[in-house]
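Got the viewer open? Let's take a short walk through this one, picking selections as we go.

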Amino acid sequence: MNRVPTHPAPAPGILDIAAYVPGGSTVPAGVEPHKLSSNESPVGASPAARAALENVGDALQIYPDGSARALREAIGEVHGLNPDNIVCGNGSDDLLSLTATTYLKSGDEAVHTEHGFLYYPIVIRAAGATPVVAREVELTAHVDNILAAVTGRTRIVFLANPNNPTGTWLPISEVRRLQAGLPRDVLLVLDAAYAEYVRKNDYEAGIELVSSCPNVVMTRTFSKIHGLAALRIGWLYAPTHVVDALNRVRGPFNVNAAAQLAAAAAVRDRDHVARSVLHNEEWIGKVTDALRNIGLEIPASAGNFVLIRFGDETMCSAADAMLTERGYVLRRVAAYGLADCLRMTIGTQQVNEAVIAALEEFMGWS
Ligand SMILES: *Cc1c(COP(=O)(O)O)cnc(C)c1O
């Protein structure tokens, strides 16, 4: 018997998606909120980016430049890249989604790592494909496990380097080994959202790899180091054939005019970037040391956040409740398979010190 549908049904796979839950910001009434749940910049945006927005209101009736040419030229100038090999997006999330839509179809597989960024399985399923999880080792992506997860159906491998929410990273030698082990027709997407923060001699975001390999792309964002999360703006560097394919699918005006202007000013403000990196370098060290001193397990983080491992889900919930009560909103990461962990974004000096003091008290050290 044919069942008569009562309403339109989404495409296969869509209802298997668990919607992305953004970092919270709710605290008790009367308490000042400090949001440490979405890896936003405690330093804020460059004054030059703010100034660039001053006259945006004069031309709100005009569509933005659909190709974001001036912004791609600014990025190209600062990073030494050909602007023709850059695609801008409404946040790098937009570019991850665009890449999945362009390269995946029903029946395909795409690989991501065990505690990889949660937007990957969403974009994979939305494209009708199947996410395949590669186990990590010590909360770190593992090249042999990723290669072992690749089958004849694999079309994309997503790798966040450094990874969110673990903060762990792969040295460029391992990323190269990964690329070398992949079939030529599998696209390697290097999500380098935190690249600017990394102070490790063995790290590279992947620019050289993109330049020399036809199956590697790199995504970057203005949401983290540049403090422009509100505007939604990211970019992708890719071989010409990939740029050509993505530009056929991309929304014609996917990046708004305000974001284009602010981002071009932000990427050119190298002093502001340097100040933001310096603040993070100082505080990621201090927060990591202070929390390790009170018995918490903190994996070394190359990003602008730390993963705090309580080793026990009940204790983690209690710590989260205690911090929220005081206005400090961290991120539960149970959806990443890390139910005993909180992720803390590095904040201002005052906020970092307050969270450390509260956790010292919680752990019975003061
Ligand atoms: C924050 C983040 C992004 C998303 O950045 P937007 O440009 O704001 O969309 C992408 N990947 C990772 C790993 C992130 O942590």
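How do the residues lining the second largest cavity divide into nonpolar, polar and charged? Bear in mind that you're looking at a predicted model. Select S41, P42, V43, Y197, S276, H279, N280, N304 and I346, which line this cavity. The lining splits into four nonpolar, five polar and no charged residues, around a volume of about 50 Å³.

Next, colour the domains. The domain assignment puts 48-53 plus 61-269 in domain 1 and 271-362 in domain 2. Their centres, taken over C-alpha atoms, sit 26 Å apart.

Now zoom in on where they meet. Here 24 residues of domain 1 contact 22 residues of domain 2, and about 2,000 Å² is buried between the two, with carbon and sulfur atoms giving 66% of that area. Light up P165, Y197 and D269: these lose the most area on the domain 1 side, together 30% of what that side buries. You've met Y197 already, in the lining of the second largest cavity.

Stay at this interface and show the side chains of E281 and R199. They form a salt bridge, 3.9 Å from N to O, and the count between the two domains is one such bridge. There are also eight residue pairs in polar contact between the domains. On the domain 1 side, the touching residues come to eleven nonpolar, eight polar and five charged.

Last stop: the largest cavity, with a volume of about 70 Å³. Select A141, L159, A160, N163 and T168, the closest to its centre among 13 lining residues. That lining has six nonpolar, six polar and one charged residue.

Key: Residues are numbered from 1 along each chain as its sequence is written. This is a predicted model: local features need pLDDT of at least 70, side-chain atom pairs count only at pLDDT 80 or more; totals for chains, interfaces and linings use all residues. Side-chain values use heavy atoms; hydrogens and water are left out. Domain bounds come from an automatic or database domain assignment. Contact means heavy atoms within 4.5 Å. Buried area is the accessible area (1.4 Å probe) that two parts lose on being put together, summed over both. A salt bridge is a side-chain nitrogen of Lys or Arg within 4 Å of a carboxyl oxygen of Asp or Glu. A polar contact is a pair of N or O atoms within 3.5 Å; within protein, one must be able to donate a hydrogen and the other to accept it, and residues adjacent in sequence count only if both atoms are side-chain atoms. Ala, Val, Leu, Ile, Met, Phe, Trp, Tyr, Cys and Pro count as nonpolar, Asp, Glu, Lys and Arg as charged, and the others, Gly among them, as polar. On a 1 Å grid over the protein atoms alone, a cavity is a set of points where a 1.4 Å probe fits but cannot get out, and a pocket is an open set with protein on both sides within 12 Å along at least five of seven lines; lining residues have an atom within 4 Å of a point. Grid points are joined across faces, edges and corners, and a volume is the space filled by probe spheres set on the points.
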